[in-house]
Amino acid sequence: MAIVEVKVPQLSESVAEGTLLNWKKKPGEAVAIDEILVEIETDKVVLEVPAPSAGVMAEIVKADGSSVVSEEVIARIDSEGKAGAVAAPAAVPAAAAAAPVAATAASKGDVAMPAAAKILAEKGLAATDVAGSGKDGRVTKGDALAASAKPAAVAAPVAVAAAPAVAKPLPSVAAPIAQNLGDRPEQRVPMTRLRARVAERLLQSQSTNAILTTFNEVNMAPVMEMRKKFQEKFEKEHGVKLGFMSFFVKAAVAALKKYPVLNASVDGNDIVYHGYFDIGIAVGSPRGLVVPIIRNADQLSFADIEKKIAEFGQKAKEGKISLDDLTGGTFSISNGGTFGSMLSTPIINPPQSAILGVHATKDRAVVENGQVVVRPINYLAMSYDHRIIDGREAVLGLVTMKEALEDPARLLFDI
């Protein structure tokens, strides 16, 4: 037998630990090299752990839901084994099957998960009355909830009266703790690591930054006309659609170059001015908000930016965003307009000092040269840290973005 250890990948310095999600292999099953064995959820991304060797899963050291750290051993593979070589639990002898019910209940109770045991105790149910769907027949929280939702006369013969039935089905969520309140049911669901980290960072931003927001309106007609004129040729040439976000990124870079403090960050009593432009693009994913970074945005073409944005969107959808994708960033852009937002006050993404909020472009009545005309208007909002950024720089920075978008030729000539 040649044992190969499966370890947690090296996590970044900002990620202390992760949580094992679902093992895709059981002991005794064949494993191919580089086959994904399990996923690890961190407070930033979900990492896939591939098999370091082909063989047979010999042992799972850390169960689903366990907390793990970098380089920790979580499983072992027998690289010389054959599928089915790991011994299965022995069959229960006929004599044992005839043992007293109390003894059976005691052994069954040993394999009920703690959360499941608590729910069963509250509902007056015995573990022996519930079919376990977990590993080695363990009774999971879901099994306990399903059993407790049944009429008490079936699930617990000793109960005096049946529990009230749930009138409305609850939405399907992971590992809920349900409360049967008749026609007003509730579910309590633990935050994922990612959601908890987002909450922590937002609170940190609110409590440590002196956040102020400045607004301006932009006539998007010139950008829309340019986009319409070149969309077909652009897509044919570069294999990606020309969106509005590349214009916003370029406009932001123009403002950051003109007012470097917008691209700076606070480190203790120092202001760090960055000589590069790494723009974070807020992206919604099934697991929560992530902000992948477009690095050296000032050196990228419109096509390069659009390809990066498309890549990040696909990665977020598939849960493939990596730690490297999220590391760094000197300024961020949040596009609530994709969901129809008219106006918002975005929260700064620490340790950055400013963030641009983009909204939905709508036809609005505006005054030009004393005449009321209809123009496609987008309201821009820039939140900034007033500790290091004065109102003058913030307002003029946003005006620079406005001027660049209303005359996009400026972006081509860097003026």
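**Notebook: two loop residues, a helix crossing and ring contacts**

I began with Arg387, which counts as partly exposed at 46% relative accessibility. I note that the model is predicted. I placed Arg387 in the loop between β21 (371–385) and α11 (391–406). I then looked for distant partners in sequence. Ile211 is 176 residues away from Arg387 along the chain, yet their C-alpha atoms lie 8.5 Å apart. With neighbours within four places in sequence left aside, I listed the contacts of Arg387 as Thr208, Asn209, Ala210 and Val266.

**Entry on Ser53**

I next asked whether Ser53 is buried or exposed. Ser53 has a relative accessible area of 14%, and it is therefore classed as buried, since the cut-off is under 20%. The residue belongs to the loop that runs between β5 (46–50) and β6 (55–60). I checked the separation from Ile77, which is 24 residues apart from Ser53 along the chain, and found 7.3 Å between the C-alpha atoms. Ile77 also appears in the contact list of Ser53, which, neighbours within four places in sequence excluded, further holds Val4, Val31, Ala32, Ile33 and Ser79.

**Entry on helices α8 and α9**

I examined how helix α8 (residues 245–258) meets helix α9 (residues 302–318). Their axes come within 9 Å and cross at roughly 115°. I recorded the crossing of α8 and α9 as right-handed. On the α8 side, I found the contact to be made by Met245, Ser246, Phe247, Val249 and Lys250. On the α9 side, Phe302, Ile305, Glu306 and Ile309 take part. I sorted the residues of this contact by character and obtained six nonpolar, one polar and two charged.

**Entry on rings**

How many aromatic pairs does a search of the whole structure find? I found one aromatic pair. I also looked for a charge placed over a ring. Arg227 lies over the face of Phe244, at 4.6 Å from the ring centre.

**Entry on the whole chain**

I closed with totals for the protein chain. I counted 12 helices and 21 strands. Of the 415 residues in the chain, 37% are buried; Ser53, at 14% relative accessible area, is one of the buried residues. I then turned to contacts with a sequence separation of 6 or more, and residues 24 or more positions apart account for 61% of them.

Conventions. Residues numbered from 1 in each chain as written. Predicted model: local features only at pLDDT ≥ 70, side-chain atom pairs only at ≥ 80, totals over all residues. Heavy atoms only, no water. Axes fitted to C-alpha atoms, helices over the stretch in contact; angles between N-to-C directions. Helix = DSSP H or I, 4+ residues; strand = E, 2+ residues; numbered from the N terminus. Left-handed = near helix turned anticlockwise from the far one by under 90°. Contact = heavy atoms within 4.5 Å. Nonpolar A, V, L, I, M, F, W, Y, C, P; charged D, E, K, R; others polar. Buried < 20%, exposed > 50% of the residue type's maximum accessible area, 1.4 Å probe, protein only. Phe/Tyr/Trp six-rings, centres within 6.5 Å; stacked < 30°, edge-to-face > 60°. Lys NZ or Arg CZ within 6 Å of the ring centre and 35° of its normal.
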